[in-house]
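This report describes one protein model, from its overall features to selected residues. Please consult the sequence and the structure shown here while reading.

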Amino acid sequence: MSRVSLRHLVLFPSLNPPSFFTLSSKRVSFRSFSIRARAMASHIVGYPRMGPKRELKFALESFWDGKSSAEELQKVAADLRASIWKQMVDAGIKYIPSNTFSYYDQVLDATTMLGAVPPRYGWKGDEIGFDVYFSMARGNASVPAMEMTKWFDTNYHYIVPELGPDVKFCYASHKAVNEFKEAKSLGVDTVPVLIGPVSYLILSKPAKGVEKSFSLLSLIDKILPVYKEVMAELKGAGASWIQFDEPTLVMDLDAHQLQAFSHAYSQLESSLSGLNVLIETYFADVPSEAFKILTSLKGVSGFGFDLVRGTKTLELIKAGFPSGKYLFAGVVDGRNVWANNLSSSLRDLKTLEDIVGKDKLVVSTSCSLLHTAVDLSNETKLDKELKSWLAFAAQKVLEVNALARALCGNKDEAFFASNSTAHASRKSSPRVTNEAVQEAAAALKDSDHRRATNVSARLEAQQKELNLPILPTTTIGSFPQTMDLRRVRREYKAKKISEDDYVKAIKEEIRKVVQIQEELDIDVLVHGEPERNDMVEYFGEQLSGFAFTVNGWVQSYGSRCVKPPIIYGDVSRPKAMTVFWSSMAQSMTKRPMKGMLTGPVTILNWSFVRNDQPRHETCYQIALAIKDEVEDLEKAGITVIQIDEAALREGLPLRKSEQAFYLDWAVHSFRITNCGVKNTTQIHTHMCYSNFNDIIHSIINMDADVITIENSRSDEKLLSVFREGVKYGAGIGPGVYDIHSPRIPSTEEIADRINKMLAVLETNILWVNPDCGLKTRKYTEVKPALSNMVAAAKLIRTELANAK
C-alpha cells in the first residue's frame, strides 16, 4: 500500500473482534469470567505487545517492507490484544489494562493523541494514520525520525515528543477509546491507560529552534483540554476506571514540577467525576514530598506503587495513607523473571491490608510486564529445576491472582507450596555458587584498577603503532544480518550442518565484510559479528552462570526485540570467546581490525540478573571474565579492542542519592577489564541512546582511549557538554548518522555534522562513525550511507589541509 493511500487511514480503528471470539458461547464464557473476577482485587499495570513468538514484530516488518497491507497488520494486532485480554480474564484479573498495546511506543501514541506532530512530517490535521506515525518513529526518505531515548532505567526506548510554545494540540488519535470499545465488544471491561499529562511534558524536549530554557510544563493548560475530551469519550463508552501513568513522580522533582501535578489534576477534577481514577507510579520509591502531593490529589480514587524497587514507599504508606482510597500494591516484579516469593509478598500485603482496609487493597505488578519475557510455557529447553525458579509475564499474571485470592481467604495451597519448594531449591542449588569466583570478585574492591599511563601518552603510542589519518573512520561493530546468515547460525545450532561448514560460511561472510570496508576505504575495520545472535546473548552463552531461552523476547524499540540471558549463578569464563574470529578477520587485512566485546555493565543491565546478591557483585564477576578475554585478544595481536558499554547510562538509578554508588562500581567494572593491557593497545567503548551530559565526568573516568556515542537523533545534545567547557582528551566519535532509520544521509549532511563537532572538539581526537551497529539495516542502505560518511571525512580532511 502506498504512502499516499495510507494518509487517510485511521491508525487505530475500532476493529471487529477476531473470529474466535464471535461465537455467542465464547462471549458468554468471556463475560462470566469477568463477573467472577470482581471478587478478587487484582491488577496488571501493562503487558508485552509483541506476542509470545514475536507475531507483531514480523507483521510490522512485513508491512514496512511493503509485503503486507495495513489491514493485515491491524488484524495481527487485534488478535494479539484479544488473546491478552482473554488470558487475563481466564486468570481472574479484575483490573485489566487497555491502550497499553502500541504499534511502536506508548509515548508516541500519546503524542499522536495530542496531535503534537512536528511540521516536517506534513500532517494535514486529520486522524493520524500509519504514514505519519511511522515517519515520526522511523523517519522517511525526506525527513529524519524523532529522537529516541531510554525509558527511565530500562532497555526500552521511547520516541521523545518535540514541543514548543507554538504547538497546536488537538485530539488526533482515538486509539484509547477504540481499544476500550474493542475489548468491550469481546465482553471485557478494561481500564484504559494513558501517559499522565505531567509525565508526558517532563519526558518531552523543546523542539528544534525553541530555546532550551523553555518550560515544557507551561504547556499543561494547552494539553489538558485534549485529555478532557478523551475522558469524556471513555466515560461515554462505559469506562468506570482510567489509569494515568505518572512514573516521573519517582524522580527528584523540584517544587515547580511537583506543583504541576496538583494544578493538572485539580483542572481535570470536574472531568474525572463519574470515573474511578488510578495514578500509577513505578521503577523506584516515591519521594516523601511527592507522596504527600500525590495522595492529596482530589478526584483520584487510587494510587499504584512499585513495592519491589520502591521498598521505602512501604514506610510512607504506613506513616499515612488517605482514608477511603485504593492502594494498588505492586508486589509482583515486572522487571525480572524470577518467581515471586509468594509467602513473603502475602505477609507484606496483610500488613497493607491492616492499613488501608480489605476492600481497598489491590494486588498488582510493580510496573508494566512489557519489560519481561512473555510466557514460560514456550520454553522447551530450560531444565526443570531452573524453570521452576522463573515466572514470565503470563506466570506473573497467575501470581498476582494467587495473591489476591489468598487475601480473600481462598489460598491455593498447592500453588504456594510449589512456589516455596522452588525458592528452597534455588537457595540450596550447587549450580548457583562458585566460591573461587566469589573470592576473586571480593578481592577487587580494594583496588582502583587503572592503566599505568595517562590517555594522552597512550594515544601518542597508539598513533605510532596504527598510523591513522585525522578524523579516522570506523563503524561500531555489527554489519547487516541477512536471512542467509541467520539460517546458517540456526542450522548449526540445530546440528543440521557440521562445524566445518559453519566455520566456512562465517569465514566467507567476514571476508565479504572486510572487502566492503576496504573498498569503502574505512580506516579501522570490524569483522561484522556474523557469528553473533546478540551482543549480550553471544557472550552469555560462553560464560558459566547463564541460562538462555528460546522465546524469551523483550521489546527494545519498535519491532526490535532482544532475548536477555538469565544470570542465575556465579559468572566465569571457561575458555576464550572471540579470539578465533578476531584473529581470522585480522589475517584478512593489513588495516587495524577491532576486537569486539560487550562490557560487564552492559551484560549485566541487558540480562535478567539474579536477585539473591547485590548487582555490583555480579558485575565484578563479569568484569573478571571480560578481562581474561581482553588479555587473550592482545596476546593474539589484536591492537584495537572495543568493549561496548552501551547500557552504562541506562542503569543509572533514578534517584540522585543512589547514583554515585552505581557510577563508582560501574566505571570500576569497566576499568577492571582493560587495566593490564599495553600502552599501544587501543581500548574503545561505545554508548548509545541516553542522556550522557549528567555523567560526562564518569565517562571520562572510564579512561577509555576512544569512545563512540549516539549523537545524531538527539540534535547533537552531547556536544553541548563540550561547549560548556568540559575538557575531554581521549578520542571521541559522536555518531554522524542515525542507523535506526532506513534513511541514507548525504555527504554534505554528514560533513555539516562533522564541522559542528569540530567547533567544540579538537581535530586530533575526533573520530567519524555511525551512531550504532548496522545489524538491523540492509546492505542497500549501509553501503551508500558508509560511502557518504567516508567521503564526508575525506572532504573535511582536505578542507583542513587547505586551511593550513
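The protein carries 97 positive and 95 negative side chains, and the centres of these two sets lie 3 Å apart. In this count Lys and Arg are positive and Asp and Glu are negative, while His and the chain ends are not counted. Each charge is placed at NZ of Lys, CZ of Arg, CG of Asp or CD of Glu.

The model is predicted: local features need pLDDT of at least 70 and side-chain atom pairs count only at pLDDT 80 or more, whereas totals for chains, interfaces and linings use all residues. Residues are numbered from 1 along each chain as its sequence is written, and side-chain values use heavy atoms, with hydrogens and water left out.

**Overall architecture**

The protein contains 30 helices and 21 strands; these are DSSP runs numbered from the N terminus, with helices (H or I) of at least four residues and strands (E) of at least two. Its radius of gyration is 26 Å, close to the 28 Å that the globule rule gives for 804 residues, so the protein is as compact as a globular protein of that length. This radius is taken over C-alpha atoms, and the rule is 2.2 Å times the number of residues to the power 0.38. Along the principal axes, the C-alpha trace spans about 75 × 65 × 55 Å.

The accessible surface comes to about 30,000 Å², and 51% of it belongs to carbon and sulfur atoms. Such areas come from the Shrake-Rupley method with a 1.4 Å probe; for residues, only the protein chains shown count as cover. Buried residues make up 63% of the 804 residues, where buried means under 20% relative accessible area, exposed over 50% and partly exposed in between. Among contacts (heavy atoms within 4.5 Å) with a separation of 6 or more, 80% are between residues 24 or more positions apart.

**Nonpolar cores**

In soluble globular proteins, nonpolar side chains tend to be buried together. A nonpolar core is here a set of buried Ala, Val, Leu, Ile, Met, Phe, Trp, Tyr and Cys residues joined through side-chain atoms within 4.5 Å. The largest core has 111 residues, and Trp-151, Tyr-200 and Phe-305 have the most contacts inside it. Helix 16 (residues 393–407) provides the largest share of this core, 9 residues. A second, separate core of 103 residues includes Leu-597, Ile-622, Ala-623 and Val-790.

**Selected residues**

Two residues have a positive phi although neither is a glycine.

| Residue | Phi | Loop | Relative accessibility |
|---|---|---|---|
| Asn-99 | about 70° | strand 2 (96–98) to helix 5 (106–113) | 12%, buried |
| Asn-467 | about 50° | helix 19 (455–466) to helix 20 (483–493) | 63%, exposed |

Ser-364 lies in strand 12 (residues 361–365) and is buried, with a relative accessible area of 0%. Not counting residues up to four places away in sequence, Ser-364 touches eight residues, including His-43, Phe-328 and Val-400.

Phe-608 is placed in the loop between helix 24 (600–605) and helix 25 (615–635). With a relative accessible area of 5%, Phe-608 is buried. Phe-608 and Asn-336 are 272 residues apart in sequence, yet 5.8 Å apart in space, C-alpha to C-alpha. Beyond four places in sequence, the residues that Phe-608 touches include Arg-335, Asn-336, His-371 and Pro-564.

His-256 belongs to helix 10 (residues 255–267). Leaving aside residues up to four places away in sequence, His-256 touches Ser-215 and Leu-217. His-256 and Asp-752 are 496 residues apart in sequence and 38 Å apart in space, C-alpha to C-alpha.

Conventions: Buried < 20%, exposed > 50% of the residue type's maximum accessible area, 1.4 Å probe, protein only.
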